[in-house]
Amino acid sequence: MEQILEAIQSGASSDDIANLPIPESYRAAFVRRDETAMFEGVDSWDKDPRTSLHVDDVATPELAPDEVYIAVMASSINFNTVWTSIFEPLPTFGFLDRMARDGEYGERHARDEHIVGSDASGVVLKVGAAVRNWKPGDEVTVHCNYVDDQDPSAHNDSMLAANQKIWGFETNFGALADLSVVKANQLMPKPTHLTWEEAAVNGLCSATSYRMIVGDNGARMKQGDSVLIWGATGGIGGYAVQYVLNGGGTPIGVVSSPERAALLNKMGCEAVIDRKAAGYNFWSDENTQDESEWRRFGKDIRAVNGGEDVDIVFEHPGRSTMGASIFAVKRGGTVVTCAATSGYMIEFDNRHFWMKLKKLLSSHFANYAESWAANKLLDQGRIQPLLTDVYDLEHVGDAALAVHHNEAEGKLGVLCLSPAEGLGVSDPEKRERIGEDKITMFRG
């Protein structure tokens, strides 16, 4: 890997990189099959990824014809890495064992270690025999939609594919490593003005937000639409704010502190609700929601939205907020949801839903076309990375714990093969044109 790093940093040619040997092993972050019961009886909050995530050498897998090896320069932390690391809602080795039933190349994934991570920026090292559009030396980012396009269900919208998986969560050989194996249809050009760590943090969250708000499979926001965004300075929420602004809409950001409200204002989001200051209590007890609190919330939304209810609600907390979201969206409006970080079993008053002709839309990551479109907007400087802090791979457990405990805004980057921050910019003039202050807005 040191030889590979030297070649990348020296600007080696495609042929030179193609001739580099692929190492028999590489450094990676992983959880162990024999430790899946380590947190039994421990409250979810107290489960510590620093205990379960190991960083050590792992054996390099064989390359399938439609795959490439990439040198991972940087990666990032997503909630799915946290879920894997605390073995919730279930250990992910079951996913890997199911992959083993997919034939020779699927069998590679069923290991006793699960290498995690679903975002990456890096350099292509070697391509499989069936790869056409990429070559060694290409600088890339990676999206996490892992799908076999030989299945007819994968066409039209690959997120509906029967065999669709999330790379590094439902598959092995993820991004939190010095080397990774990805399908060629996961690759996208690295934005030329971004550093490795800035380019690495966008794929999962940015494309998720794009599909939810912009794409034909989501809420399809129009110019002038107002969009309520829960967790508006978090990973997907911060990108959602940008997509709404970029598309001529009005974001109403929900946050939990004055500091986060100020960050939204800095992003150009003028309408902000501080839920903690307002003290909303949507649940009067564990089993009962309080409609009067929904009404108070709706009144506060109208106060910052020109007296109107919102056209779209960008949902991801799940159980804690879904009742309020369904109530607050306008007659005929849309609630689009991609997650349930506060609980999967949701409840809402169906009278406010059916009688006012509202829509509830599910969304899960993004297909290749949507991911590519989101990446293009990043490359054009219309959407900015939400990088707030950077860790090295040896401290990936600390980064995962920070995300687990909601201690970080935006996205946390992880340096893998890259030896330092600030490397990887190939178009400094474009960076200057877009503006350092915009690109690094979340760095404080």
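The exercises below, each with a worked solution, concern a predicted model.

**Exercise 1. Burial of helix α8**

Task: Determine how many residues of α8 are buried, and which elements cover them.

Solution:
1. Helix α8 spans residues 203–213.
2. A residue counts as buried when its relative accessible area is under 20%.
3. The residues of α8 that meet this criterion are Gly203, Leu204, Cys205, Ser206, Ala207, Thr208, Ser209, Tyr210, Arg211, Met212 and Ile213.
4. That is 11 of the 11 residues, so α8 is largely enclosed by the rest of the structure.
5. The cover includes the helices α4, α9 and α15. It also includes the strands β16 (310–315), β17 (329–337) and β20 (411–415).

**Exercise 2. Packing of α8 against α15**

Task: Classify the orientation of α8 relative to α15 and describe the contact by residue class.

Solution:
1. The partner helix α15 covers residues 368–379. The axes of α8 and α15 are 9 Å apart, at an angle of about 110 degrees.
2. Angles of 65 to 115 degrees count as roughly perpendicular, and α8 is therefore roughly perpendicular to α15.
3. The crossing of α8 with α15 is right-handed.
4. On the α8 side, the contact is formed by Ser206, Ala207, Tyr210 and Arg211. On the α15 side, Glu370, Ser371, Ala373, Ala374, Leu377 and Leu378 take part.
5. Sorted by class, the contact of α8 with α15 holds 6 nonpolar, 2 polar and 2 charged residues.

**Exercise 3. Packing of α8 against α9**

Task: Classify the orientation of α8 relative to α9 and describe this contact by residue class.

Solution:
1. Helix α9 runs over residues 235–246. The axes of α8 and α9 come within 8 Å and cross at roughly 50 degrees.
2. An angle that is neither under 35 degrees, nor over 145, nor from 65 to 115 counts as oblique. The helices α8 and α9 are therefore oblique to each other.
3. The crossing of α8 and α9 is right-handed.
4. From α8, the residues in contact are Cys205, Ser206, Thr208, Ser209, Tyr210 and Ile213. From α9 they are Gly235, Ile236, Tyr239, Ala240, Tyr243 and Val244.
5. By class there are 8 nonpolar and 4 polar residues in the contact of α8 with α9, and no charged ones.

**Exercise 4. Backbone exceptions**

Task: Examine the peptide bond between Glu88 and Pro89, and the phi values of Leu357 and Phe365.

Solution:
1. Most residues other than glycine have a negative phi, and most peptide bonds are trans.
2. The bond joining Glu88 and Pro89 is cis, with omega about -5 degrees. Pro89 sits in the loop between α4 (79–86) and α5 (93–99).
3. Leu357 has a positive phi, near 55 degrees. Leu357 belongs to the loop between α14 (350–354) and β18 (359–362).
4. Phe365 also has a positive phi, about 40 degrees, although it is not a glycine. Phe365 lies in the loop between β18 and α15.
5. The accessibility of Leu357 is 62%, so Leu357 counts as exposed. Phe365, with a relative accessible area of 3%, is buried.

**Exercise 5. Surroundings of three residues**

Task: Give the location, accessibility and contacts of Thr388, Gln186 and Tyr105, with contacts up to four places away in sequence left out.

Solution:
1. Thr388 is part of strand β19 (residues 387–392). Because its relative accessibility is 15%, Thr388 counts as buried.
2. Thr388 touches Glu409, Gly410, Lys411, Leu412, Phe442 and Arg443. With Glu409 there is a specific atom pair: the side chain of Thr388 reaches the backbone oxygen of Glu409 at 2.9 Å.
3. Gln186 is located in the loop between β9 (179–183) and β10 (187–189). Its relative accessible area is 0%, so Gln186 is buried.
4. The contacts of Gln186 are Thr141, Val142, His143, Cys144, Asn145, Tyr146 and Trp167.
5. Tyr105 lies in helix α6 (residues 104–107). At a relative accessible area of 28%, Tyr105 is partly exposed.
6. Tyr105 touches Glu62, Leu63, Ala64 and Pro65. Between Tyr105 and Pro65 the separation is 40 residues in sequence and 9.6 Å in space, C-alpha to C-alpha.

Methods: Residues numbered from 1 in each chain as written. Predicted model: local features only at pLDDT ≥ 70, side-chain atom pairs only at ≥ 80, totals over all residues. Heavy atoms only, no water. Helix = DSSP H or I, 4+ residues; strand = E, 2+ residues; numbered from the N terminus. Buried < 20%, exposed > 50% of the residue type's maximum accessible area, 1.4 Å probe, protein only. Polar contact = N/O pair within 3.5 Å; in protein donor to acceptor, adjacent residues only side chain to side chain. Contact = heavy atoms within 4.5 Å. Axes fitted to C-alpha atoms, helices over the stretch in contact; angles between N-to-C directions. Left-handed = near helix turned anticlockwise from the far one by under 90°. Nonpolar A, V, L, I, M, F, W, Y, C, P; charged D, E, K, R; others polar.
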